[in-house]
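I opened this notebook to record what I looked up in the structure, entry by entry.

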Amino acid sequence: MTTFEAGDITLREIREHVWEIPKEGDMRVPARVFASESLLEEIAEDKTIQQLRNATHLPGIKKYAICMPDGHQGYGFPVGGVAGIDAEDGCISPGAIGYDINCGVRMVKTNLTDDDLSGREEELVDALFEAIPSGLGGGGVIEGDHGELDAALERGVEWCVEEGYAVESDLSHCEDNGFRADATPETVPQKAKDRGQNQMGSLGSGNHFLEVQRVADVFDEPIAEAYGLHADQVVILIHCGSRGLGHQLCTEYLREIEKAHSGLLAQLPDRELAAAPAGSQLAEDYYGAMCAAINFAWVNRQLITHRTRSVFADVFGEPWEGLGMELLYDVAHNIAKKEVHDVDGEPTELYVHRKGATRAFPAGRPEVPDAYRNVGQPVIIPGSMGAGSYVLCGGENSLDVSFGSTAHGAGRLMSRTQAKREFWGEDVQDELRRRKVYVKAQSGATIAEEAPGVYKDVDEVVRVSDELGIARTVVRVEPICNIKG
């Protein structure tokens with residue numbers, strides 16, 4: 001049996017790409033890392049594996065704690081981590097969800113081809129950068145008042161349809177139809193609302209981006225056709241989350257949970273895993289507030305979509321409807337949802353925590369939109385600015401293997417501080433331009449932090465996901481132009 005040593009932790013390969021830390025001591029379940037040997041070596045360079053083992057101590061955790069092939073160290077719980085925790089006898093942990101609640105991605109299709117953009121890349125990237133707010137601080141597509149913010153928190157993309165920022169087909173091509181019914185805006189802290197109010201429709205900073213891409217490779221023609229994708233097609237990928245609202249919400253609830261449930265906290269190996277017991281008032285309040293932040297993030301991406309459609313209409317002189325700018329799908333990361341999964345042969349309601357992981361439901365699951373139910377849910381996995389990204393399809397093994405989840409991106413190899421030491425933003429920008437990738441950002445530091453060399457090999461991440469059967473590769477896309485905060 002092949003083993004791998006990560007400090008004082010031994011992992012054994014129980015089958016190809018599945019490495020297990022056996023249950024021992026106070027661990028409630030085993031832990032599993034989904035990775036090739038090369039990815040596992042990279043994952044082991046920080047505290048990811050230790051954090052994954054720590055997560056197995058959470059009350060009510062079922063089957064095993066999981067780290068996806070893009071995993072890296074996070075706050076308490078690894079980014080790329082998945083845990084299914086009993087919704088009646090378990091707990092909910094903000095650290096296992098993340099600060100940027102529903103930091104997700106959506107893809108917008110067009111009927112344009114790469115040839116249609118040739119020679120107009122700089123015009124397009126300049127127009128997008130001018131029209132779509134990005135960077136730290138405030139400023140959004142709209143300056144909402146308190147009533148509009150609460151409506152967005154409560155109704156998500158439904159509110160966007162009512163206000164003219166979305167169409168009905170946007171709802172039906174968004175995870176959960178862009179709406180979490182469990183949202184309770186009244187449990188969102190006022191300071192979080194204050195931070196979010198003037199950020200509705202903004203990219204933010206860090207790894208958030210809007211990227212215009214072309215479909216470079218088609219691996220599964222029938223599913224690509226079902227998704228409306230074909231070679232040389234221009235698509236737009238939007239990646240952002242709940243901005244300051246989600247961050248403030250997580251910060252305040254973490255502090256409250258640490259104080260109110262100090263007894264549970266004392267039983268955990270890392271205080272960053274602070275959790276509220278299922279059924280407690282804090283668990284209910286946090287879940288409702290988190291669902292509101294999920295709605296806010298969907299509204300955020302929808303408002304950016306609305307503005308992007310306007311930019312394309314102006315640049316190409318045709319209404320966005322005539323350009324075929326329909327939403328393929330919107331997937332959420334950094335969430336916990338109540339879902340029913342098979343545990344020891346019994347359907348069990350779980351809080352499925354996906355921190356930097358993507359839901360990947362296969363064909364037939366009722367949560368998959370009607371348009372895709374016969375083939376499976378679209379899964380969008382971004383790479384770096386210099387590498388391709390992928391559209392996959394929820395795999396037939398995902399429910400059994402990973403609580404219906406897969407990776408969410410390439411996964412970082414180095415910290416932002418290290419990236420700025422090793423890369424110079426203008427050099428990265430110039431190199432990308434030589435490769436016909438046009439990048440515009442608020443600062444060179446942002447470009448350095450997101451240089452292609454900062455990330456794992458997205459091709460390898462996707463290969464492992466595909467070979468495990470948790471997501472099937474459909475198409476690969478390549479970047480044309482990119483705007484960042």
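I began with the hairpin of β13 and β14, where 2 residues lie between the strands and Asp344 takes a positive phi near 55°; the model I am reading is a predicted one. I then looked at the pairing itself, and found that β13 (residues 335-343) and β14 (residues 346-355) run antiparallel and are joined by 9 bridges. Following one residue across, I noted that Glu339 has Leu350 of β14 as its bridge partner.

Next I turned to the packing of two helices, and found α5 (residues 146-155) set against α12 (residues 281-316) at an angle of about 105°, with the axes 6 Å apart. Because angles of 65 to 115 degrees count as roughly perpendicular, I entered α5 as roughly perpendicular to α12. On the α5 side I listed Leu149, Ala152, Leu153, Glu154 and Arg155 as making the contact, and on the α12 side Ala292, Ala293, Asn295, Phe296 and Val299. Sorting the residues of this contact by type, I get 7 nonpolar, 1 polar and 2 charged.

I then asked which residues have the most contacts inside the largest nonpolar core. That core has 77 residues, and the ones I was after are Leu124, Leu210, Val212 and Phe312; α12 gives the most to this core, with 19 residues. Taking up Leu124, and leaving aside residues up to four places away in sequence, I found that Leu124 touches Leu117, Val212, Val311, Phe312, Val315, Phe316 and Cys481.

My last entry concerns a second, separate core of 68 residues, which includes Val343, Ala410, Val428 and Val454.

Conventions:
Residues are numbered from 1 along each chain as its sequence is written. This is a predicted model: local features need pLDDT of at least 70, side-chain atom pairs count only at pLDDT 80 or more; totals for chains, interfaces and linings use all residues. Side-chain values use heavy atoms; hydrogens and water are left out. Axes are lines fitted to C-alpha atoms, for helices over the stretch in contact, and angles run from 0 to 180 degrees between N-to-C directions. Helices (H or I, at least four residues) and strands (E, at least two) are DSSP runs, numbered from the N terminus. Angles under 35 degrees count as roughly parallel, over 145 as roughly antiparallel, 65 to 115 as roughly perpendicular and the rest as oblique. Contact means heavy atoms within 4.5 Å. Ala, Val, Leu, Ile, Met, Phe, Trp, Tyr, Cys and Pro count as nonpolar, Asp, Glu, Lys and Arg as charged, and the others, Gly among them, as polar. Two strands pair if DSSP finds at least two bridges between them. A nonpolar core is a set of buried Ala, Val, Leu, Ile, Met, Phe, Trp, Tyr and Cys residues joined through side-chain atoms within 4.5 Å. Buried means under 20% relative accessible area, exposed over 50%, partly exposed in between (1.4 Å probe, protein chains only).
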